[in-house]
Structure formats: structure tokens, C-alpha cells
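Grab a pencil and work through these exercises with the structure open beside you. Try each task before you read its solution.

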Amino acid sequence: MNKRYDVLIVGGGMVGATIACALGGSGLSVGVVEYRYPQGFEPEQPHDLRVSAISVASQNVIDMVGAWEGIISRRSCPYQRMKVWEANEERAATEFNSEGISYPYLGHIVENRVIQLALLERMAAFDNVELICPAQTEAIDYSPGASVVRLTDGTELVGRLLIAADGGESRVRQAAGIGVHKWDYEQNALVASVETAYPQQDITWQQFTATGPLAFLPMPGANASLVWYNTPGEVKRLMALPEDQFMAELEATFPDSLGKIDTLIQRGSFPLRRQHAQQYVAEGVALAGDAAHMIHPLAGQGVNIGMLDAAALAETILKAKRAGEDFTSLAVLKGYEQQRRKHNLMMMQVMDMFYRVFSNDILPLKLVRNLGLGLAERVSPAKNKVMRFAMGLEGPLPALARMEEI
């Protein structure tokens with residue numbers, strides 16, 4: 001069986017589904033290939049391990065494609081404050097409050113599955129968008145204007161424009177012959193979903209230590225997501241501990257701000273890697289999200305720059321279509337790359353700087369970072385700039401992130 005689409009998106013996760021929703025109602029035939037549909041949501045379910053800090057800019061994009069209501073009708077946690085400090089120096093913490101820039105919040109912590117479910121639900125409302133799921137890819141043949149995605153059931157999907165939204169190991173990117181620059185950080189991230197003795201919180205915080213930050217992300221109710229950055233060997237040791245010993249290590253290591261942990265729901269870990277595609281586009285193909293870039297999760301910006309990719313790519317396609325241009329052409333797609341690559345590279349460099357400056361105990365660097373945090377605390381314009389940066393409101397923004405129709 002052979003099916004043809006104007007736009008064929010490989011990957012129906014948060015980024016791929018956002019692109020599809022943005023193209024909904026456009027008159028373009030859109031196919032979305034996804035390996036499996038996420039588990040349905042029930043309010044009484046334990047909170048998932050995989051969560052994202054959704055910035056205001058990303059919220060705007062999701063809202064403009066019609067999926068934000070699907071998120072808040074399930075569950076999410078807005079946060080108004082963000083605090084950072086050096087180990088054992090919480091009295092000198094720098095705290096950012098959204099009230100300082102007249103916003104009701106800095107962002108929302110949301111489970112990735114909830115985001116994907118809301119987007120897929122919205123996608124189903126568009127007659128021009130087809131979700132091919134569950135679907136397992138057997139092979140991808142890249143050919144400008146007529147790329148073929150062959151599924152294990154024998155179905156062949158042909159796309160005039162092939163979009164890679166299939167993650168860091170993107171098979172679309174590999175099929176198109178696009179290389180990457182990458183290296184591993186000397187850190188792993190251990191993530192734990194817990195219930196604490198504290199009620200609902202409105203703050204996210206990070207305490208910097210020599211081996212990496214300890215981070216707290218508030219979830220609805222007394223729930224929280226904890227992130228513990230450390231060496232690969234130490235994270236492996238922690239993951240192997242029995243639950244009671246692991247809980248004891250958490251409470252001994254995390255600051256008093258965490259409070260008592262009542263329940264460990266689940267834990268997991270993953271290595272940290274920086275990766276950037278050598279180009280985002282070629283004739284008839286475009287990369288978005290992790291297929292294009294992977295950054296240190298220190299400030300939770302990976303999904304947010306992916307959402308801006310999605311918005312910018314959809315905008316590029318729709319503008320070209322309205323102008324009667326070939327939206328699969330390299331000349332048109334270069335506009336998307338120029339809009340996003342420079343901004344993403346800047347974000348990656350900033351995250352690298354934080355990683356190198358804060359993940360050590362070298363005295364001169366410790367003095368520099370303490371000076372920086374102190375200045376940020378005392379100088380309002382600097383604090384406001386940091387907040388707007390964290391909210392995704394700095395730099396050139398796609399129309400959807402500005403809450404404008406495209």
C-alpha cells in the first residue's frame with residue numbers, strides 16, 4: 001500500500017505533533033508517523049517520571065495550535081518563583097519572581113505524556129492530518145520531493161517534504177546524510193518522582209554543587225520531580241541502591257528546602273549529551289527538536305527550543321504555500337534554518353557555560369559565580385533579563401510564540 005502526503009512527519013511526540021497541529025486546516029495533506037500511542041490519562045494515576053518545564057513562549061505556541069486547554073484540563077503546575085544558590089549558602093540565594101515583570105507565572109511543569117496526549121487529541125480534529133500509529137519504521141529512502149518511509153507492515157508513505165521529529169538518533173537525519181557535532185558531558189542525570197510533606201509549591205529551585213546541581217520541580221499537590229546531576233559512576237551506584245537506602249541518600253544530600261520525602265514513586269537516569277546537526281535542512285527535508293539539537297537540561301530549555309522550531313518550521317511552510325512558492329525547496333527551508341540555528345546555538349553555548357562554571361569547586365570560578373548570582377539578586381534589570389530568557393521571551397520569536405496567526 002502506498003500513501004502520499006505533502007508533508008510527512010516522522011515522530012508524533014511533542015515537537016512533531018505541534019508541527020502537525022500548526023499545519024491543521026492548511027489544505028496540505030499531512031501524515032504523522034508515531035511508534036505507539038501514549039497511555040491514556042486518569043487523574044488518579046501517579047505522576048510520570050518524564051516532565052518538562054514549559055516556558056511562556058512554548059505555552060503560547062501550544063495555545064495557538066489549540067492544545068493548551070487539553071493540558072490544563074488534565075494536570076500541570078504553574079510556578080511563580082525560581083531560586084538558585086551555592087551549596088550551603090542558601091541565605092545568599094537569588095530568587096526570581098514573575099511578579100517583577102508583571103506575569104502571573106514563569107512557566108508550567110507538565111508531564112511529557114500529558115503534553116503529547118493534548119496535542120494528539122487536537123491533531124485528530126483536522127481532516128487534513130492523518131496519524132499513522134502504531135507504526136514501526138523499517139527503512140527511509142530520502143529523495144527530494146518524494147521521500148519514502150517504509151513501515152514494517154509493508155506500507156510505504158511518500159512525502160514531498162520529510163520532517164525529522166524522531167529524536168536524537170533520528171533515522172530521517174541519517175537517511176538524508178546530515179551529520180552532527182556531538183560530545184558527552186561528564187555527567188548523568190538521576191530523576192526521581194516523589195511525594196513530599198509540603199503541600200502544593202509554586203517554586204522551582206537549583207542548588208549548585210561541585211558534582212552538579214540538585215534541582216526541584218514542583219508538581220500538582222504535594223508531588224515533585226527531583227533531578228540529581230552527578231558523575232556516571234555515582235548515578236549508577238545510586239540507581240542500584242535499595243529504596244530505603246536511596247531515600248536516605250536523597251534526604252541527606254538535598255537541602256532542607258526539599259522537606260521530608262513521604263513516598264518515592266519512581267526513579268530513572270540518563271546520560272547527558274550535547275549534539276547539534278551540521279545543518280537543519282536539505283532539499284525536501286527539515287529537522288526539528290532533538291533531531292536537530294540536544295542541549296544540557298540544566299535550565300530545562302530542550303523542549304522549549306524544540307517548540308520554537310516547530311512554530312518556525314510551520315510558519316515557513318505556510319508562508320511559502322500562500323506565496324505560491326515550493327515549500328520543499330532548499331531556498332525556502334533555509335529561511336527556517338536561519339531563524340532557528342543561531343538562536344539554538346546561543347542557547348547551547350549558554351547551557352555549556354553554566355555547566356562548566358557551576359559544576360566544579362574551583363575557587364576562582366566559585367567567586368565568579370557567587371559574584372554573578374549576587375549581582376543578579378541586587379540588580380532588577382539583570383533579574384528581569386534572566387526571567388525573560390527563562391520564559392523564552394528573548395530573541396526573535398516565531399509568530400505563534402507571539403500569539404499571532406500564521
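## Exercise 1: A helix and a small sheet

Helix α2 (residues 56-64) lies across β3 and β7, and its direction makes an angle of about 90 degrees with β3. Keep in mind that you're looking at a predicted model.

**Task.** In what order do the strands of this open sheet of 3 strands stand, and which strands stand at the edges?

**Solution.**
- Step 1: Trace the sheet across. The order is β3-β7-β4, and the pairing is antiparallel.
- Step 2: Look for strands with a single partner strand. β3 (51-55) and β4 (77-79) each have just one, so they stand at the edges, and one side of each has no neighbour in the sheet.
- Step 3: Check the twist. From one strand to the next, it averages 30 degrees.
- Step 4: Zoom in on one pair. β4 and strand β7 (residues 107-111) run antiparallel and are joined by 3 bridges. One thing to find here is Pro78, whose bridge partner in β7 is His108.

## Exercise 2: A strand with two neighbours

**Task.** How many residues of strand β14 (residues 214-218) are buried, and how many bridges join β14 to β13 and to β15?

**Solution.**
- Step 1: Count the buried residues. In β14, that's 5 of 5.
- Step 2: Sort them by face. In a regular strand, side chains alternate between the two faces of the sheet. In β14, Leu214, Phe216 and Pro218 are on one side, Ala215 and Leu217 are on the other, and all of them are buried.
- Step 3: Go to strand β13 (residues 203-208). It runs antiparallel to β14, with 3 bridges between them; Trp205 has Phe216 as its bridge partner.
- Step 4: Now go to strand β15 (residues 223-230). This pair is antiparallel too, with 5 bridges, and Leu214 is partnered by Trp228.
- Step 5: Follow the chain through the turns. The hairpin of β13 and β14 has 5 residues between the strands, and Gly212 takes a positive phi near 130 degrees. β14 and β15 form a hairpin with 4 residues between them, where Gly221 in the turn has a positive phi of about 70 degrees.

## Exercise 3: Two helices side by side

**Task.** Are helices α1 and α8 roughly parallel or roughly antiparallel, and which residues make their contact?

**Solution.**
- Step 1: Start with the angle. The axes of α1 (residues 14-22) and α8 (residues 302-322) cross at roughly 30 degrees and come within 9 Å.
- Step 2: Apply the cut-off. Angles under 35 degrees count as roughly parallel, so α1 is roughly parallel to α8.
- Step 3: Add the handedness: α1 passes α8 in a right-handed crossing.
- Step 4: List the contact. α1 brings Met14, Val15, Thr18, Ile19 and Ala22, while α8 brings Val303, Gly306, Met307, Ala310, Leu313, Ala314 and Leu318.
- Step 5: Sort these residues: 10 are nonpolar, 2 are polar and none are charged.

## Exercise 4: Buried or exposed?

**Task.** Are Val281 and His343 buried or exposed?

**Solution.**
- Step 1: You need the cut-off: buried means under 20% relative accessible area.
- Step 2: Val281, in strand β17 (residues 281-282), has 1% relative accessibility, so Val281 counts as buried. Leaving aside neighbours within four places in sequence, its contacts include Ala286, Leu330 and Tyr336.
- Step 3: His343, in helix α9 (residues 330-358), has 8%, so His343 counts as buried as well. Not counting residues up to four places away in sequence, His343 touches Ile305, Leu308 and Glu394.

Notes
Residues numbered from 1 in each chain as written. Predicted model: local features only at pLDDT ≥ 70, side-chain atom pairs only at ≥ 80, totals over all residues. Heavy atoms only, no water. Axes fitted to C-alpha atoms, helices over the stretch in contact; angles between N-to-C directions. Parallel < 35°, antiparallel > 145°, perpendicular 65-115°, else oblique. Left-handed = near helix turned anticlockwise from the far one by under 90°. Contact = heavy atoms within 4.5 Å. Nonpolar A, V, L, I, M, F, W, Y, C, P; charged D, E, K, R; others polar. Buried < 20%, exposed > 50% of the residue type's maximum accessible area, 1.4 Å probe, protein only. Pairing = 2+ DSSP bridges.
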